[in-house]
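Please open the model in a viewer and keep the selection panel at hand. The stops below are meant to be taken in order.

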Amino acid sequence: MKLGDILAQYPETGLDQLARDKLDEIANVRLPRQVLEQEIATALSSFAYIADVLAESRPPTYAILKLLMESPDRTLEAVGFRERVLARTDEITEWIGSGEGLPDNKGYEIYRRMLCAAWEAEERIDESEGRMLEALREALDMSMREHLLMEHHPDVRPLWESGRAYELARNYLLGRGLVLATGDHYILPDEVRIQVRRYWGMELHDADYRRLLMELTGRQLRDILNVSGLPLSGSKEERVERTVAGLVSPSAALGQMGISGLKALARDCDLKVSLPKAELISQVIAAFDNPKPSEEKDEAEEAEKIAQEPPRQLSPNQLFDLLSRFSGNQLYEILASLRLPRSGSKNERVQRLVDSRYAESTLFGQLRRRDLSRVCRKLGLAVSGLKDDLIERLCGEPTGKPAELVEESVAPTAAVEDSQALEQAGPEPGEEESGSAPEVPGLDSIQRLYPALGEDEQVMLSLAREARSLNERDVERLALRHGLGWMLPKAHMADMLRKLSDEARAPIRIRSTGAANIYEWVDDPDGDQHQLDRWAARDIVDALRQGVVPERHLDMMFVGQEEARMHMLDQLEHIATGRSAFKFIRGAYGSGKSFMMAWLRDAALNAGFAVATVRVSAEMSLADLSEFYQGLMDGLRVPEKRGASSLSDVLEAWLLTMQQRTEQVEGLSSRRPSDRKQLIERVRKRIQDQLSQLASHDPGFAPALGAFYEARLVGDEEKAMHARAWLRGDRSLPNAALKQIGVKGNLESDQVLPRLRALLEIIEATHLRGLVILIDELELVRRRPHKGTRDKSYETLRALIDEVGENRLPRCLLVSTGTDTFFDDRRYGLASYEALYHRVCAPELTENFQSVRQPVIYLEGLNEERLLELAGRARSIHARAYNWPADERFNDEDLRALVSRWTDFGGECIDRLPRPFLRQLVHVLDICEENPQIAPQECFADPQQDPQANEELMRLVAN
């Protein structure tokens, strides 16, 4: 199954998870879904990416992927898959341990000893050990497949096997995208399968290899077995099976044949015969490969393509030297993408590319930005910029000056690399230094209208007015082109928009598209920007039509709960003074708890707070504090970015604050080239001083945030991604990544609260007023089948409440929701955990009155009067969305009739049935707007015939 077909079925959250280590140009940018799918597919089709992932994999990865490869459609059911993998692993161990059918002329014993030593060191094979084993395999003439099987030897297997070996390997493959999951099946995409085979040296599937061997004569098979040290006896079929089982690769087998035998085989297969031996072998293998259409090429088409290539900028010797700095995997990737032969030594591959006549831009363009940045770093070149910038840097300056290559013997250390890159992080040559920055149209008028802005901000505002719309990449490029000194462009943009908002003259409107922002110019900044336009109204109507809570403008739909809402707004002001608080929102199923949480989220963001939302589910448990912290970071939002995780935005806002304070104190400016180097050094020093105060909270927080800053300045997106992932609490980072950012270990449960305190200190130093943590659907904790899991979840809540109650999380408001059953159930619910129950529940003084100042806020239900008011608001929004006189066509009498039907149906539960009621209301409004001849009450449906309404009612009765 093709990647495109699989990814099209993936949910948004699944795509976000897959994209975390695959976005080339800018980390943490939410692209349109179609582009996101393309970016993920590009990475998963990349040999270099697959090679990196498999290099870090652990057994039983081989068994997992081999089973999927052997299935007819590369798909297997998840049910029973674990058992099949373990059974295959046991079979491999038994076979490799017996040595039966293996060549007796290879140094398996010495390789096994080296493999045991590598696994014993750190219970994993690190990069240096992997390279040593690779060199040993080359010396012993062993294949990667033999290595994979040798890992299953009875002496080696205990060193990696654990009770969770299968789960760790499976989750790693799912997280990195080599195996995808749809429904209850695991899938190995066709593009991934091809690259896995290439990395493992599996030139043919076993079935295709058998077909090839059956074309050989008995004598040819005997010669292959003899040279390989395998038994010679048996029928032809037995010899074929012995060759396949003995791990003799197709190229090695064909390599034992003479040139005349190869030509005869090629002739029988209707292939070219007038080729060198190596190309004959590659051609025969390709002929038996399945699928092979991706390997075919039209020679006339390729010749025409090469003829259209631009002239090269480097001489053959310079290009050879440059390509020699590329890794073997990167060279393989280029050759495979251009459909050139991939066999031979590294020098032969390089020479093949030099002789190919493709331009440098075409050769380098086959790689992802991340691979190109690695090459630039190795050569001592700056790693900032987009993919085209890196290609241009490798090819040489636009004048044609060749790129200078750094000798391996004097390659800079990581610290020197960063220093050199930071010095190059300024404007492009010939722009700011020479005073040739492009003219900014309309700058004079912007300066008159917004005199309080800085000069750099006035320039960007002018450019935004000229362009009418800018995305984050546009901002970065324009800041560089005009020499604005914006080393942290996103944070600078957020700071400028905040200043404009404070003036109440904001001509820029933010439109979020996932994790990325689009900055749109508003012609009338003095107009009422809070007025509901037709598209915002449609968003609300669409949400009601689908039975979900709208994202924005919830004030327009909120009926009742005035006292509770006023109290929550007061709580926001309370924590903004440096205090902390916690609240529980209690109500029956369908009473509007999620709606209240969504309203609070919107209100907090509008008031300048960061908000982190966690929704308890089967995948998100509160039993693991580390997992809970990751969920918080994934759900973190800030006023300037509401569509995806805003952890990077919070960190960059803090870093910009450090830079601005340094500029003010030291009298330096990022816009003056002469100040740039000194400013970077001073900012670096200030950051270290500030971060040293966080060491008492979280020792790793300081180096990780420092690494994030360094990476942002030089455009090292990979390093920035690793630093951000560690700060997020990601526990899947390899040791090499941890070493790169200067930290050790992963986030443990006892480190979560200290890290949360460190994050709050970061937030306090920015423009943000505090952090609001929203935990929704606590009811699902009660439904966990195991008491231990429930108790751990309740203990997490207790720990958070204690931290907040004792003001150890300043500027933090913790709000959770739960049903009546959740609070009162003494067997499974909150009441079963007394340490938490007594902290939450107020003294029972009277049943008639409740105080919103107590930890638990009781939601009021919707009576008939409030339901009628809610229906009227929905009608007005629908009228705005579709520009029709809804109040005339669907008058108040019609509204009352519809509400009456639902009140009679729901009885005392009507206050908990707003969702199905609103869905029917919107449906009726849709019909009336589309069909003016129909009377509204003609299309009223009986609520008793509404399956969703009955399902909701049954759920209420059950609870």
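Buried means under 20% relative accessible area, exposed means over 50%, and partly exposed lies in between, with a 1.4 Å probe and protein chains only. This is a predicted model, in which local features need pLDDT of at least 70 and side-chain atom pairs count only at pLDDT 80 or more, while totals for chains, interfaces and linings use all residues. Residues are numbered from 1 along each chain as its sequence is written, and side-chain values use heavy atoms, with hydrogens and water left out.

Select Arg 357, in the loop between helix 22 (346-354) and helix 23 (360-365). Helices here are DSSP runs of H or I with at least four residues, strands are runs of E with at least two, and both are numbered from the N terminus. Arg 357 has a positive phi, near 70°, although it is not glycine. It counts as exposed because its relative accessibility is 61%.

Go next to Asn 883, in the loop between helix 45 (864-882) and helix 46 (886-889). Its phi is also positive for a residue other than glycine, near 55°. Asn 883 is exposed, with a relative accessible area of 70%.

For a backbone feature of another kind, select Pro 59 and Pro 60, which are joined by a cis peptide bond with omega about 5°. Pro 60 lies in the loop between helix 4 (47-55) and helix 5 (61-70).

Now show residues 259-268, helix 17. Which of its residues are buried? They are Gly 261, Leu 262, Leu 265 and Ala 266. These cover an arc of only 135° around the axis (taken from the directions from the helix axis to the C-beta atoms), so they are on the same side of helix 17. The face turned away from that buried side carries the exposed residues Ser 260 and Asp 268.

The sheet comes next. Three strands form an open sheet in the order 1-3-2, with antiparallel pairing; two strands pair if DSSP finds at least two bridges between them. Strand 1 (75-77) and strand 2 (180-182) are the edge strands, each pairing on one side only. Strand 1 is joined by three bridges to strand 3 (residues 185-187), and these two run antiparallel. To see one bridge, select Thr 75, whose partner in strand 3 is Ile 187.

Finish at Ile 110 in helix 7 (residues 108-122). Ile 110 counts as partly exposed because its relative accessibility is 46%.
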